[in-house]
Amino acid sequence: MTGTGGLSHTLSTRQLFLMAFGAAIGVGWLVVVGDWLRLAGPMGTVVGFAAGALVLSLVCLCYGEMAALFPVAGGEVAYCYETYGLVVGFGVGWFLALAYLAVTAFEVISIGWIASALFPGIEGPVLGTVNGSQLTLGGVLLGVAGTLLLLWVNRRGVKSVARLQDWMTAVLIVASLAFIIVGLGGGSTANLAPAFQVDARGAILPGIIAIFFVTPNWLGGFAFIPQLMEERAPGSPPSRAVMAMVMQVVLAAVFYSLVTVAVAMAVPRATLVAGGGLPVADAFRAAFGSELLVRAVLLAGLMGLITTWNAVFLGASRVLFALGRAHIIPKQFGRVDRQSGAPTVAGVFVACASMLGILLGRKALLPLLNVVAAVQAGAFVLVAIGVLLLRRRRPDLTRPYRVPGGAPVAVLAALGSAFALYLALVEPYRAAGGRIPLEWWLFLGWGAVGVVFWLAARRIRSDLSEPERRRIVLGQGVEEAT
């Protein structure tokens, strides 16, 4: 069954939750747990994630009100178009596409790394050096093959994407529980000391803040649910989607907290933070000497990689599809397959951009995560403020879901997200010693490409009147209610 613009209406609330949860878990924790412990300590990391989960739960409520008003593909594109106008709607959609493509690049780079740890020798010969890290034949082939596989799955329709997500998330949860239980049960609580890392002045707050500012990236999988509201199965009330978003944030925070504590208990802190490679796998190998347990860790990482890759591929194609359908960028991006209801040109664009991510190298992994954190936090600020503005400007709209607590909750969500945005932009600059960091270059480069797309589509935008574009962006149901 196809809906507006040819998209299908098939996703259940459970599938929306699994899409968001799988997107949030990912594989990055395999690499950065050592950094978390070095910056904040185990309990500092837990507090940082708890603070992030609190703020993002409030953001979820704001997204719920907007998503219930505008249950269309593109999510934030529609919300910001209605609230701030065409240019901001395009800008938000364009930079969200950057965030999603940054994650796909992260997965393309990481899959060879994780696969070589699971299956030594699969990396093959070294082709050269990229950004200070080796580029191997096996890593390139795995990245390209994974991208093409996801393109094929996406071309089969959102039902196939959801089915893949269901299975991969189930394996991820089982494998994660295995090593978390062993780490908590077999590790030593003595290794948790100090619970909070202190800086040169004896303060614990800087470490906690360092964790908090990246939580939009690590816990922000819920933002994929608004992207998919147009593809929900009929009859599902918006409140269920909101519940799925909040549950994803809370459970992802619990997952990362348990992983951090389990790894911290496994080995002494100095051993963990001093090593390179994959700290989680190294910690369990050193503590328990079990390759089976190490493989459970790596399998969880690989499944998390696939679930995130699968979700962001879908999300990126939906954002570009929404922009193309409304003739905001070249209208070819709005094309869908007649049988599956999947965006075609948008999917191919995402696949090509993902494969180019291989050229960034492993040293780009942390900057890519910082880019995602900044874009996500910026979108959260705009959505939370948008709830307040639309309530004032359009009190006549029927709201199937309203933020509990009203304006104070939206204000707190906006302030917390703005703080995370500030940190996500400033901290990379400080870490770069005053030089322009890679994150800023990515923003500038993608912004320049966006200007090109905007100018190229100028004539195409004139093909639609603004009332017609508004009907397409916001959905026929909203136009009728208005």
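1. Pocket first: the largest one holds about 650 Å³ of space. Bear in mind that this is a predicted model. The lining runs to 31 residues, and those nearest the pocket centre are Leu-39, Ala-210, Phe-213, Leu-366 and Glu-427.

2. Who builds the wall? At least two lining residues of the largest pocket come from each of H2, helix H7 (205–212), H8, helix H15 (365–393), helix H16 (407–431) and helix H17 (438–456). Sorted by class, the lining has 21 nonpolar, 4 polar and 6 charged residues.

3. On to the rings. Searching the whole structure turns up 27 aromatic pairs. Take Tyr-63 and Tyr-79: their ring centres are 6.3 Å apart and the planes meet at 80°, so this pair counts as edge-to-face. Tyr-63 belongs to helix H2 (residues 29–69) and Tyr-79 to helix H3 (residues 76–84), so the contact ties together parts 16 residues apart in sequence. Tyr-63 and Tyr-79 are both buried.

4. Another edge-to-face pair is Trp-218 with Tyr-256, at 5.5 Å centre to centre and 75° between the planes. Here the link joins distant parts of the chain, with Trp-218 in helix H8 (residues 215–219) and Tyr-256 in helix H10 (residues 238–266), 38 residues apart. Trp-218 and Tyr-256 are buried too.

5. That second pair is worth following outwards. Trp-218 and Tyr-256 belong to a cluster linked by ring pairs, which also takes in Trp-29, Trp-36, Phe-49, Phe-179, Phe-255, Phe-284 and Phe-288.

6. One for the cation–ring fans: Arg-461 places its charged end over the ring of Trp-454, 3.6 Å from the ring centre.

Key
Residues numbered from 1 in each chain as written. Predicted model: local features only at pLDDT ≥ 70, side-chain atom pairs only at ≥ 80, totals over all residues. Heavy atoms only, no water. Phe/Tyr/Trp six-rings, centres within 6.5 Å; stacked < 30°, edge-to-face > 60°. Helix = DSSP H or I, 4+ residues; strand = E, 2+ residues; numbered from the N terminus. Buried < 20%, exposed > 50% of the residue type's maximum accessible area, 1.4 Å probe, protein only. Lys NZ or Arg CZ within 6 Å of the ring centre and 35° of its normal. 1 Å grid on protein atoms, 1.4 Å probe; cavity = no way out; pocket = protein on both sides within 12 Å on 5 of 7 lines; lining within 4 Å. Points joined across faces, edges and corners; volume = space filled by probe spheres on them. Nonpolar A, V, L, I, M, F, W, Y, C, P; charged D, E, K, R; others polar.
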